[in-house]
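Me: I should like to learn how to read the features of a structural model, one at a time. Please give the general idea in each case and then apply it.

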Amino acid sequence: MKLEHYPLLKQINFPKDLKNYSQSQLPIICEELRQFLLNSVSRSSGHLASGLGVIELTVALHYVYDTPFDQLIWDVGHQAYPHKILTGRRDKMLTIRQKNGLHPFPWREESEYDVLSTGHSSTSISAALGMAVAEQSKSSDRKVVCVIGDGALTAGMAFEALNHAGHLKPDMLVIVNDNDMSISQNVGGLNQHLAQILSSQTYASIRRNGKKVLSGIPPVRQFLKKTEEHLKNLITPTNLFAELGFNYLGPVDGHNIDTLVNTLTQLRQLKGPQLLHIVTQKGKGYPPAEKNPVLWHGVPKFDPSEGKFNKAINSNPTYSEVFGDWLCQIAQHDKRLIAITPAMGEGSGMVKFAERYPEQFYDVAIAEQHAVTFAAGLAINGKKPVVAIYSTFLQRAYDQLIHDVALQNLPVLFAIDRAGIVGSDGPTHQGVFDISFLRCIPNLIIMTPSNANECRDMLYTGYQHNGPAVIRYPRGEAAEGELQPMQCIEIGKSKLIRQGQAIAILNFGCLLNEVLISAETLNATVINMRFVKPLDEEAILAITKDHQILVTVEENVIQGGAGSAVNEFILTKKLKCDMLNIGLPDAFIQQGNQVEIRDDLGLSAEKITRKIKNFIRQ
């Protein structure tokens, strides 16, 4: 991109350069920054609408505060692109989310301006509190600021942190970016209670009729006025955050740069926990994104002048689409089905289901722990809950999965999307640990489909099972031809795909096609294991009788994964064969597209073949 189109922005390499301009020039800088962001994301792909909504806030924060000495935390990080542009990474923005490029979220190793590496929501206030308390003990003049969206504020962790901060009372500022739009539509009483109560007919009727009946009594008239003020204060954000121990200010216009600079300048001088409530518009300044911020939240490459982008045409349905269609098919015949998502309905393929069966659909907001225990309660009283959740987000509800579902052996089905290599969202979103942290849990059945039909069959099998079950499937296309009628699979039963000699490859999940290509080269036997738990022990016993080498392949970390389960069984039975586990390394996996990452980590057909040949030579 030609920087001459951005005469002021091209002079801003770091926040200190921003301070060379007068406050009256800041609106021009904001406009240049907004256009630069739009043009860069249109060429690189990535998160757009969130960043467009915080242009003025980002400029104001870096103008008023002395970053990086003053510490600035962006919750989640979808909104952090303008921050990256102003903090030395402007000229690298076209590499964002790409292999060896800029990280998609704030990342400590990338910049000293990124105080906290983020990717999962609602962590900013807790981290900011810890930093503020640490600085308080040093008696330093460092300021700590965190920006959290109204969507992220639906998570219980955010309120735990607010409650603790109000008790400790350190110097810190929490900025609530209220754009009334998380990735999925915000839900919850907190988000709606103020507007509902103040505009409700009941409130208006009580207010009107109560005054009419009692206004003739002079002492009561004054009492009513004070009571009305008290009731109104009781339900406003001012009182809510004041009760938690914060000094609340707002709401203020988050797109008025003068207001923001003046307000932040005053707040920087105040002691104790402060909360600034700003109101912004997601997608601000780009009409298509303003009209449909969900669609423009994360975008592929597009032409900004056209204001639209073409979705990739897939020859096969995605696993998310397979899951969404399966939900609709089951709901036609079973009213007990309840589908639950923690604010990822669009990503999990549930939009069509939510429209057709709204009474059987619950988006619980960014509350993974609640989602799992809510499902447990539904199951106890005879419903058939299905929890749709990303692999990395399930990590946030681990105790609930163990204590509230598995321990009580409740029939809850977990549809785990984005399992394995996710790609461009980087280490925070790669779903590479779930097999390892799930297979140690008693009562849990774990299934790994290799195509669309198998995914449907496993969902149906897990749904019919009278206990907890997990189906983990990857992001992207589900390789398959014509869909077949669903059928239950025998629990723990594998499937022989190819008969070979000497070498047997046990496949777990989405890499079956790569395994088959490798097997042709090696003349190896291929077994599609399908179940991580329980293992098909009979098949393993049989295969070790006439094969000298067993190879396991999975898109999960090797430590504690499906291959480890096979190793444990082999050792327990004292079977004689050589074992090779192929999977993901003991390292966090950086961003890049799925094909690149799989090849780099040895999960392409060519690399699988090479690993097996090297193992034989050794």
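Me: Is Asn179 buried or exposed?

Reply: The general idea is a cut-off: a residue counts as buried when its relative accessible area is under 20%. In this predicted model, Asn179 has a relative accessible area of 17% and is therefore buried. Its place is in the loop between strand 4 (172-178) and helix 8 (189-199).

Me: Which residues does Asn179 touch, not counting those up to four places away in sequence?

Reply: With those residues left out, Asn179 touches Asp150, Thr280 and Lys282. Asp150 is found in the loop between strand 3 and helix 7, and its relative accessibility of 9% means that Asp150 counts as buried.

Me: Which residues does the UniProt annotation "binding site" cover together with Asp150?

Reply: An annotation of this kind is read from a record and then placed on the model. The unreviewed UniProt entry has a "binding site" annotation that covers Asp150 and Asn179. These residues span 30 residues in sequence, yet no two of their C-alpha atoms are more than 6.9 Å apart, so they gather at one spot.

Me: Which residues are covered by the "binding site" annotation that includes Tyr286?

Reply: According to the unreviewed UniProt entry, that annotation covers His78, Gly119, His120, Ser121, Gly151, Ala152, Asn179, Tyr286 and Glu368. Gly151 and Tyr286 may serve as examples from this list. Gly151 is found in the loop between strand 3 (144-149) and helix 7 (156-168), and it counts as buried because its relative accessibility is 5%. Tyr286 is placed in the loop between strand 6 (273-279) and helix 13 (287-291). With a relative accessible area of 6%, Tyr286 is buried.

Me: With which residues is Tyr286 in contact, leaving aside its neighbours within four places in sequence?

Reply: Tyr286 is then in contact with Leu38, Leu52, Trp296, Phe302, Asp303, Pro304 and Gly307.

Me: How should the packing of a pair of helices be read?

Reply: Two packed helices are described by the angle between their axes and the distance between the axes. Helix 2 (residues 26-44) and helix 4 (residues 55-64) pack at an angle of about 125 degrees, and their axes are 9 Å apart. Helix 2 and helix 4 are therefore oblique to each other. Their crossing is right-handed. On the side of helix 2, the contact is made by Leu26, Cys30, Leu33, Arg34 and Leu37; on the side of helix 4, by Ile55, Glu56, Val59 and Tyr63. By class, the residues of this contact are 7 nonpolar, no polar and 2 charged.

Me: At what angle do helix 2 and helix 5 pack?

Reply: Helix 2 and helix 5 (residues 81-89) pack at an angle of about 105 degrees, with 10 Å between their axes. An angle of 65 to 115 degrees counts as roughly perpendicular, and helix 2 and helix 5 are therefore roughly perpendicular to each other. Helix 2 contributes Leu33, Phe36, Leu37 and Val41 to the contact, while helix 5 contributes Tyr81, Pro82, Ile85 and Leu86. This contact has 8 nonpolar residues, with no polar and no charged ones.

Me: Are Glu554 and Asp434 buried or exposed?

Reply: The class follows from accessibility, whatever the residue type. Glu554 counts as buried because its relative accessibility is 1%. Asp434 is likewise buried, with a relative accessible area of 1%. Glu554 has its place in strand 18 (residues 547-557), whereas Asp434 is found in helix 19 (residues 434-438).

Me: Which residues do they touch, not counting those up to four places away in sequence?

Reply: On that basis, Glu554 touches Ile435, Phe508, Leu511, Gly561, Ala562, Gly563, Ile582, Gly583 and Leu603. Glu554 and Leu511 are 43 residues apart in sequence, and their C-alpha atoms are 7.1 Å apart in space. Asp434 touches Ser391, Ala419, Arg472 and Asn556 on the same basis.

Me: How many helices and strands are there in the protein chain, and what share of the residues is buried?

Reply: The protein chain has 25 helices and 19 strands. Of its 618 residues, 55% are buried. Among contacts between residues at least 6 apart in sequence, 76% join residues at least 24 apart.

Key. Residues are numbered from 1 along each chain as its sequence is written. This is a predicted model: local features need pLDDT of at least 70, side-chain atom pairs count only at pLDDT 80 or more; totals for chains, interfaces and linings use all residues. Side-chain values use heavy atoms; hydrogens and water are left out. Axes are lines fitted to C-alpha atoms, for helices over the stretch in contact, and angles run from 0 to 180 degrees between N-to-C directions. Helices (H or I, at least four residues) and strands (E, at least two) are DSSP runs, numbered from the N terminus. Angles under 35 degrees count as roughly parallel, over 145 as roughly antiparallel, 65 to 115 as roughly perpendicular and the rest as oblique. A crossing is left-handed if the near helix is turned anticlockwise from the far one by less than a right angle, and right-handed if clockwise. Contact means heavy atoms within 4.5 Å. Ala, Val, Leu, Ile, Met, Phe, Trp, Tyr, Cys and Pro count as nonpolar, Asp, Glu, Lys and Arg as charged, and the others, Gly among them, as polar. UniProt positions are given in the numbering used here, feature names are shortened, and annotations may be inferred rather than shown by experiment. Buried means under 20% relative accessible area, exposed over 50%, partly exposed in between (1.4 Å probe, protein chains only).
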